[in-house]
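Colleague: I should like to learn how to read the surroundings of a bound ligand. Could you take me through an example?

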Amino acid sequence: MPATPASTLAEPTTPKVDFAAATTPYAAYAGIDTLHSLLHPLSEEPAETSFIVATQVMELLFGLIRHEWTRAQQALRVDDLPTAMSALRRGLDAQDVLVTSWDLLASMTPVEFNSFRPVLGEASGFQSYTYLHLEFLLGNKHERLLRLYAGHPEVHADLRRTLEAPSLYDDALAYVERRGLDVSSPVGAWLAANADPKQGEVCALAELLMDVAERVTRWRQRHLASVKRCMGAKPGTGGSSGLSWLRHAAEQDVFPDLWAVRDAL
Ligand code: HEM
């Protein structure tokens, strides 16, 4: 008979509950007091709380995804494909949670949204610099948007660095070139990789980038659906036409070369 592990036999013990410090190690480690102090609804509408939490959760996830994509870029630059792929995979996990975060707003009605919309003033997610970082890392480098942060020199400088540096896709392509493929036509390079059994790793990287691309589009599509449901085709608080602007963004392919390859394979 196999021996029973000691942990199965042991009596359960309750975790420690006495701490000398003013806070628990848990709260101190993860900044819990600060975290909860950041929730300040400005209206009497209960749904505003979900809206703020959804925004804050998504902001944190934008930052986490930025962290993983940047790690992937650094690894690609030194030809460390396993590290690059694991960073991209961890980024995919965060992207999945990001897409699911829209569930926090799934049941918000137009009446509820309208009752706190005035407190937003001109505030809009369009002004999220963490999101703009992600757009730059994807290769969507709209320099004009740097103007949003003219009054915030640290953010402006950080974004400019990302704007001027290679995008995640640029780094992937540079890696592909060092793997011996001619990238003068990027689509041609990805096609050649697909035709060459020795380039399996390059193809695996391409498929991972497609996973990233699909999840970016999924987030945009769920944003679009939430906006359509909560406020229809009214103009946005950030000054855009709203739905039509977001629809245009959601229709843009992420990493268009990798989609174009599909036409020729
Ligand atoms: C249901 C509630 C929401 C509505 C009605 C809404 C509406 C809009 C609208 C109309 C725009 C276009 C720009 C403008 O004129 O404001 C926009 C952009 C944007 N929103 Fe939202 N939004 C909502 C929730 C969120 C949340 C929770 C986030 C998370 C941070 C977010 C992030 C963004 C981002 C990043 C953009 C820029 C997208 C781009 O440039 O393609 N939105 N939103």
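Modeller: Let us begin with a definition: a polar contact is a pair of N or O atoms within 3.5 Å. This model is predicted. In this case, an oxygen atom of the ligand lies 2.6 Å from an N or O atom in the side chain of Ser240.

Colleague: What lies 2.7 Å from an oxygen atom of the ligand?

Modeller: That is a polar side-chain atom of Ser124. Both Ser124 and Ser240 belong to the five residues that come nearest, out of 26 around the ligand; the others are Tyr131, His223 and Gly238.

Colleague: How does the shell around the ligand divide into nonpolar, polar and charged residues?

Modeller: The shell holds 16 nonpolar residues and ten polar ones, with no charged residue.

Colleague: Which helices each supply at least two residues of this shell?

Modeller: They are H4 (47–77), H11 (200–231) and H12 (243–251). H11 gives the largest share, five residues.

Colleague: Which protein donor does the iron atom of the ligand have?

Modeller: For iron, an N, O or S atom counts as a donor within 2.8 Å. Here the single donor from the protein is NE2 of His223, 2.2 Å from the iron. His223 is placed in helix H11. In addition, an N or O atom in the side chain of His223 is 3.0 Å from a nitrogen atom of the ligand.

Colleague: At what angle do H4 and H6 pack?

Modeller: H4 and helix H6 (residues 110–120) pack at about 60 degrees, and their axes are 9 Å apart. The angle therefore makes H4 oblique to H6. The crossing of these two helices is right-handed.

Notes
Residues are numbered from 1 along each chain as its sequence is written. This is a predicted model: local features need pLDDT of at least 70, side-chain atom pairs count only at pLDDT 80 or more; totals for chains, interfaces and linings use all residues. Side-chain values use heavy atoms; hydrogens and water are left out. A residue is near a molecule or strand if one of its heavy atoms lies within 4 Å of it. A polar contact is a pair of N or O atoms within 3.5 Å; within protein, one must be able to donate a hydrogen and the other to accept it, and residues adjacent in sequence count only if both atoms are side-chain atoms. Helices (H or I, at least four residues) and strands (E, at least two) are DSSP runs, numbered from the N terminus. Ala, Val, Leu, Ile, Met, Phe, Trp, Tyr, Cys and Pro count as nonpolar, Asp, Glu, Lys and Arg as charged, and the others, Gly among them, as polar. Donors are N, O and S atoms within 2.8 Å of the metal (3.2 Å for Na, K and Ca); water is not among the atoms, so sites may look incomplete. Axes are lines fitted to C-alpha atoms, for helices over the stretch in contact, and angles run from 0 to 180 degrees between N-to-C directions. Angles under 35 degrees count as roughly parallel, over 145 as roughly antiparallel, 65 to 115 as roughly perpendicular and the rest as oblique. A crossing is left-handed if the near helix is turned anticlockwise from the far one by less than a right angle, and right-handed if clockwise.
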